[in-house]
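Trainee: Please choose one part of this model and go through it closely with me, keeping the cut-offs behind each term in view.

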Amino acid sequence: MDNNKIVVFDTTLRDGEQSPGCSMNTEEKIKVAKQLEKLGVDVIEAGFAAASPGDFDAVSRIAEQVEKSSICSLSRAVENDIKQAALAVQKAKMHRIHTFIATSPIHMKYKLKMSEEEVIKRAIHAVEYAKTFVDDVEFSLEDAGRSEISFMKEVMDAVISAGATTINLPDTVGYRLPTELGAMVKELTDFANNRAIISVHNHNDLGLATANTLSAVANGARQIEVTINGLGERAGNSALEESVMAIKTRGDAFGGVYTDINTKEIYATSRLVATITGVEPQQNKAIVGKNAFAHESGIHQDGVLKHQETYEIMKPEDVGVIKDSTLILGKHSGRAAFRDKITTLGFDSVSNEELNSAFEKFKILADKKKEVTDDDIRMLITDESLNQ
Ligand code: KIV
Ligand code: ZN
């Protein structure tokens, strides 16, 4: 594999859904998964199949409908979870099982009540069992951020020999500082010696998730686990849009690494997730917040008018933000304005049939609302393309 390529593993539909108030129904999850595919995500963690019949259904339906991204289900290191995960992802063109067990002293003692030997045995069995269903098995050392490096090496050796292809090192409680996390990743990447891809999964409890993800990339991690708008347990996960745009904008600082994300789809994906979950990114959120490309002070406005790069290190268009979307749609708007709007919003492959049907629904909505927003239009078009 190309050693400069960073695999983007999106867990909006699993860890992101664990954000309070962010649960999504199956239809909504399918919409998000299709958009993540369009965004160019390499692996979509579509859920935790064994968690509930609803989760199982969502993962299997996504597996049937997404072709270009690999579909993954999380599972504890227990046979039934792994079997459910395998059944749920089996129809996907590309699929992965992600299994995990905690390796930190505090988790092993109080949560698992297991010795180190028992944890290793369970981890090996989980990977071997997952391998009977799929080739691509990811193993996570939960709470790696607070685990002992020598024990992590033992676990890694064992699960790589059992067939794990990706080793994920989650900073489950967002405890590590970027320098520490980078040092841990470097030591474990050297230890893995190309036998598996090293991945990171950083939580944001100290607001360091993205800094930690980038430090990990600089030190050899080649998969990043991220979510749209930084959703996730407690303070959330490392945000896809931040890590991806940092790598794109400052790839030079990381020795030329890159992702295959189509960054022009970032804003549409952020809006879809915000509209579906009802959780808006904060206004000053990097990349996708309302103010991310707004300039208030006269000096800044003057500078940007003279040359965009005086105060902008990225172009809003590069992440799909349409700066001059001034066309307001309402019940008096016609089909031409509607078509113009959806093209401006970046939907360039909408058929006439989809357009006509969406336009009819738009008219019904416009009768009920004073102003139909860009988010409303995005939702209408996304619905149409899924119904075809
Ligand atoms: O934060 C965490 O440790 C996780 C794992 C299950 C990957 O979400
Ligand atoms: Zn997590």
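Mentor: What follows takes the barrel strands, then the helices that pack beside one another, and then the ligand site.

Residues are numbered from 1 along each chain as its sequence is written, while chains are lettered from A and ligands numbered from 1 in the order in which they are written. The model is predicted, and local features therefore need pLDDT of at least 70, side-chain atom pairs count only at pLDDT 80 or more, and totals for chains, interfaces and linings use all residues.

UniProt, in an unreviewed entry, places "domain: Pyruvate carboxyltransferase" at residues 6-267; its positions are given in the numbering used here, with shortened feature names, and its annotations may be inferred rather than shown by experiment. That span is 44% helix and 18% strand, and its end C-alpha atoms lie 20 Å apart. Helices (H or I, at least four residues) and strands (E, at least two) are DSSP runs numbered from the N terminus.

Eight strands form a closed barrel in the order S1-S2-S3-S4-S5-S6-S7-S8, with parallel pairing, where pairing requires that DSSP finds at least two bridges between two strands. From one strand to the next the twist averages 25°; angles run from 0 to 180 degrees between N-to-C directions, and axes are lines fitted to C-alpha atoms, for helices over the stretch in contact. S1 (residues 7-10) pairs with S8 (residues 223-226) in the parallel sense over four bridges: Val7 has Gln223 as its bridge partner, and Phe9 stands opposite Glu225. S1 also runs parallel to S2 (residues 43-47), joined to that strand by two bridges, and there Asp10 has Ile44 as its bridge partner.

Helix H3 (residues 79-89) lies across S3 (70-76) and S4 (95-102), running at about 165° to S3. H3 also packs with H2 at an angle of about 35°, their axes 7 Å apart. Phe56, Val59, Ser60 and Ala63 of H2 make this contact with Gln84, Ala88 and Val89 of H3, two residues being in contact if their C-beta atoms, placed from the backbone, lie within 7 Å. By class, the contact has five nonpolar, two polar and no charged residues; Ala, Val, Leu, Ile, Met, Phe, Trp, Tyr, Cys and Pro count as nonpolar, Asp, Glu, Lys and Arg as charged, and the others, Gly among them, as polar. The axes of H1 (residues 26-39) and H2 (residues 53-65) come within 9 Å and cross at roughly 35°, and the contact of H1 with H2 has four nonpolar, three polar and four charged residues.

Around ligand 1 stand Asp15, Phe100, Ser140, Glu142, Pro170, Thr172, His201 and His203, a residue being near a molecule if its C-beta atom, placed from the backbone, lies within 6 Å of it. This shell divides into two nonpolar, four polar and two charged residues. Under "binding site", UniProt (unreviewed entry) lists Asp15, His201, His203 and Asn237. These four span 223 residues in sequence, yet no two of their C-alpha atoms are more than 10.2 Å apart, so they gather at one spot. Of these residues, His203 lies in the loop between S7 (197-202) and H8 (209-218).
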